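Before this model goes into any further calculation, it may help to have a colleague's reading of it set out point by point. The note below is meant to be read with the coordinates open.

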Amino acid sequence: MMKAQPSKRRTKNTPVISKGSQVEEYSSPETVATRKHQVFNDLHAHITVRAYYLYMERGRREGCAEQDWLDAEREILNRTFAV
């Protein structure tokens with residue numbers, strides 16, 4: 001009597017995992033939210049510091065806080081997400 005051989009064909013629901021791929025550990029939604037919050041805080045902190053330096057470089061000019069912030073934001077975001 002012959003034993004049934006398992007099929008070497010993939011079924012629709014069988015995932016394909018390449019040999020070099022790494023398995024990511026499960027992250028709880030709370031952990032992911034915390035990481036996103038940290039990234040936001042870091043980004044906000046970088047922009048804040050750069051805006052302050054722009055303010056200082058421009059001779060502590062009053063009434064230009066929004067422009068300093070926008071310039072700092074543009075610089076930081078272009079540097080952070082440059083391709």
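The points that follow go from the whole chain to its helices, its charged pairs and its surface.

1. Overall content. The model is a predicted one, and the points here should be read with that in mind. The chain holds two helices and zero strands. Of its 83 residues, 10% count as buried, and its accessible surface comes to about 8,200 Å², with 56% of that area belonging to carbon and sulfur atoms.

2. Geometry of the second helix. Helix α2 runs over residues 65–80; with 16 residues, α2 reaches 22 Å from its first C-alpha to its last, which is close to the 22 Å expected at 1.5 Å a residue.

3. The buried face of α2. Which residues of α2 are buried? They are Asp-68, Asp-71, Ala-72 and Ile-76. Seen down the axis of α2, these buried residues fall within an arc of 125°, so they line one face of the helix. This fits the general rule that an α-helix has 3.6 residues a turn, so residues three or four places apart point the same way. On the other side of α2, Glu-66 and Asn-78 are exposed.

4. Asp-68, a buried acid. Asp-68 lies in helix α2 and has a relative accessible area of 3%, so it counts as buried, the cut-off for that class being under 20%. Once its neighbours within four places in sequence are left aside, Asp-68 is in contact with Ala-51, Leu-54, Tyr-55 and Arg-58. Asp-68 also belongs to a network of salt bridges that links it with Arg-58, Asp-71 and Arg-74.

5. The pair Arg-58 and Asp-71. Within that network, the side chains of Arg-58 and Asp-71 meet in a salt bridge, at 2.6 Å from N to O. The pair links distant parts of the chain, since Arg-58 sits in the loop between α1 and α2 while Asp-71 is in helix α2, 13 residues apart. How accessible is each partner, buried or exposed or in between? Arg-58 is partly exposed, with a relative accessible area of 29%, whereas Asp-71, at 9% relative accessibility, counts as buried.

6. The two partners of Arg-50. The count of salt bridges in the model comes to five, and Arg-50 takes part in a salt bridge with Glu-57, where the closest N and O atoms are 3.3 Å apart. Arg-50 also forms a salt bridge with Glu-75, and there the closest N and O atoms are 2.6 Å apart. The pair of Arg-50 and Glu-75 links distant parts of the chain, with Arg-50 in helix α1 and Glu-75 in helix α2, 25 residues apart. Glu-75 counts as partly exposed at 31% relative accessibility, while Glu-57 is exposed, with a relative accessible area of 57%.

7. The start of α2 and its distances to other residues. Ala-65 is found in helix α2 and is exposed, with a relative accessible area of 59%. Ala-65 and Tyr-52 are 13 residues apart in sequence, and their C-alpha atoms are 8.7 Å apart in space. Glu-66 lies in helix α2 as well and counts as exposed at 62% relative accessibility; the C-alpha atoms of Glu-66 and Ala-51, which are 15 residues apart along the chain, are separated by 9.0 Å.

8. A backbone angle to inspect. Where in the chain is Arg-60 found? Arg-60 is in the loop between α1 and α2, and it has a positive phi of about 55° although it is not a glycine. Arg-60 is exposed, with a relative accessible area of 51%, and the cut-off for that class is over 50%.

9. A nonpolar patch on the surface. Val-49, Tyr-52 and Tyr-53 together make a nonpolar surface patch of about 320 Å². Of these, Tyr-53 has its place in helix α1, which covers residues 29–57, and at 46% relative accessibility Tyr-53 counts as partly exposed.

Terms used
Residues are numbered from 1 along each chain as its sequence is written. This is a predicted model: local features need pLDDT of at least 70, side-chain atom pairs count only at pLDDT 80 or more; totals for chains, interfaces and linings use all residues. Side-chain values use heavy atoms; hydrogens and water are left out. Patches are made of residues with over 30% relative accessible area and no salt bridge: like charges are joined within 9 Å, nonpolar side chains (Val, Leu, Ile, Met, Phe, Trp, Tyr) within 5 Å. Accessible areas come from the Shrake-Rupley method with a 1.4 Å probe; for residues, only the protein chains shown count as cover. A salt bridge is a side-chain nitrogen of Lys or Arg within 4 Å of a carboxyl oxygen of Asp or Glu. Helices (H or I, at least four residues) and strands (E, at least two) are DSSP runs, numbered from the N terminus. Buried means under 20% relative accessible area, exposed over 50%, partly exposed in between (1.4 Å probe, protein chains only). Contact means heavy atoms within 4.5 Å. The expected span of a helix is 1.5 Å times one less than its number of residues. The arc is that of the directions from the helix axis to the C-beta atoms.
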